[in-house]
Amino acid sequence: MNYTIDSCERCDALVESRSRIVNGVGKASLGAVFVGEAPGAQEDEQGEPFVGRSGDVLTEKLNERGVARDEVRITNSVRCRPPDNRDPHVSELENCRPYLVAEIDALDPDVICTLGRVPTKNLLDCVGAMREVVGEELRVEVGAKERLVVPCYHPAAMLYDRSKEDVIDETLTRVVEIARS
Ligand code: URA
């Protein structure tokens with residue numbers, strides 16, 4: 001399956017709310033894939049994931065660790081902006097999941113870092129509070145293969161709760177370390 005798509009009509013509501021499909025970016029040459037939730041307004045406008053405020057945080061955190069944005073893959077659980085930035089519905093996550101799985105299969109990363117509750121729940125299939133799994137190194141079946149998944153708080157979380165920054169820092173340091181090893 002092609003993981004970069006230029007048309008999809010699987011979700012009625014998202015077909016309505018999106019301006020465009022926002023595919024993942026980056027080569028994953030470092031061996032890491034970051035999975036977010038869904039495009040927001042700026043991502044929808046520019047056609048690239050994580051280019052708004054939380055994207056700035058992610059890019060800065062990667063750069064601080066000597067990683068350029070295009071050395072990793074940055075993608076989302078769903079590729080179309082939901083109406084009013086609501087969370088994607090389960091059916092929408094399911095509809096988009098084959099693209100994500102195809103993307104992960106093709107890139108074959110050493111580590112997947114889920115950014116926030118929605119992608120963590122999507123890939124782990126069940127999760128309580130983020131604080132119970134954040135920073136854990138979990139072996140999870142994704143598509144045909146067992147993968148190493150490390151959940152992280154969404155970068156936007158530290159914009160309104162600075163106490164999360166240390167955990168985000170530690171988690172991203174570990175993800176980069178795994179990808180480099
Ligand atoms: N938040 C996400 O989860 N994904 C984006 O692309 C931007 C913000």
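Q: How do the residues of the lining of the largest pocket divide into nonpolar, polar and charged?
A: This is a predicted model, in which local features need pLDDT of at least 70 and side-chain atom pairs count only at pLDDT 80 or more, while totals for chains, interfaces and linings use all residues. A pocket is an open set of points on a 1 Å grid over the protein atoms alone, with protein on both sides within 12 Å along at least five of seven lines, and lining residues have an atom within 4 Å of a point. Ala, Val, Leu, Ile, Met, Phe, Trp, Tyr, Cys and Pro count as nonpolar, Asp, Glu, Lys and Arg as charged, and the others, Gly among them, as polar. By these classes the lining of the largest pocket has 14 nonpolar, eight polar and six charged residues.

Q: Which residues of the lining lie nearest the centre of the largest pocket?
A: The largest pocket holds about 600 Å³ of space, a volume being the space filled by probe spheres set on the grid points. Its lining counts 28 residues. Those nearest the centre are E37, A38, S54, H154 and A156.

Q: Which helix gives the largest share of the lining of the largest pocket?
A: Helices here are DSSP runs (H or I, at least four residues), numbered from the N terminus. At least two lining residues come from each of α2 (41-46), α3 (53-64), α5 (117-124) and α7 (157-160). The largest share, three residues, belongs to α2.

Q: Where does the ligand sit?
A: A molecule sits in a pocket if more than half of its atoms lie within 2 Å of the grid points of that pocket. The residues around the ligand, with a heavy atom within 4 Å of it, are G36, E37, A38, E43, P49, F50, S54, N76 and H154. Three of these are nonpolar, four polar and two charged. The space taken by the ligand is the largest pocket.

Q: What percentage of the area exposed by the ligand alone does the protein bury?
A: Three polar contacts (pairs of N or O atoms within 3.5 Å) can be described: a ligand oxygen is 2.9 Å from a polar backbone atom of F50, a ligand nitrogen is 2.8 Å from a polar side-chain atom of N76, and a ligand oxygen is 3.0 Å from an N or O atom in the side chain of H154. Taken alone, the ligand exposes 230 Å², an area from the Shrake-Rupley method with a 1.4 Å probe. The share buried by the protein is 92%.

Q: Which helix gives the most residues to the lining of the largest cavity?
A: A cavity is a set of grid points where a 1.4 Å probe fits but cannot get out, and there is one of 30 Å³ or more. The largest cavity holds about 100 Å³ and is lined by 16 residues, with C8, C11, L14, C80 and C96 nearest its centre. Two or more lining residues come from each of α1 (12-17) and α4 (90-107). With four residues, the helix that gives the most is α4.

Q: Which helix supplies the largest share of the lining of the second largest pocket?
A: The second largest pocket has a volume of about 290 Å³, and its lining includes D87, R97 and K121. By class, that lining has five nonpolar, one polar and six charged residues. At least two residues come from each of α4 and α5. The largest share, five residues, comes from α5.

Q: How are residues numbered?
A: Side-chain values use heavy atoms, with hydrogens and water left out. Along each chain, as its sequence is written, residues are numbered from 1.

Notes: Polar contact = N/O pair within 3.5 Å; in protein donor to acceptor, adjacent residues only side chain to side chain.
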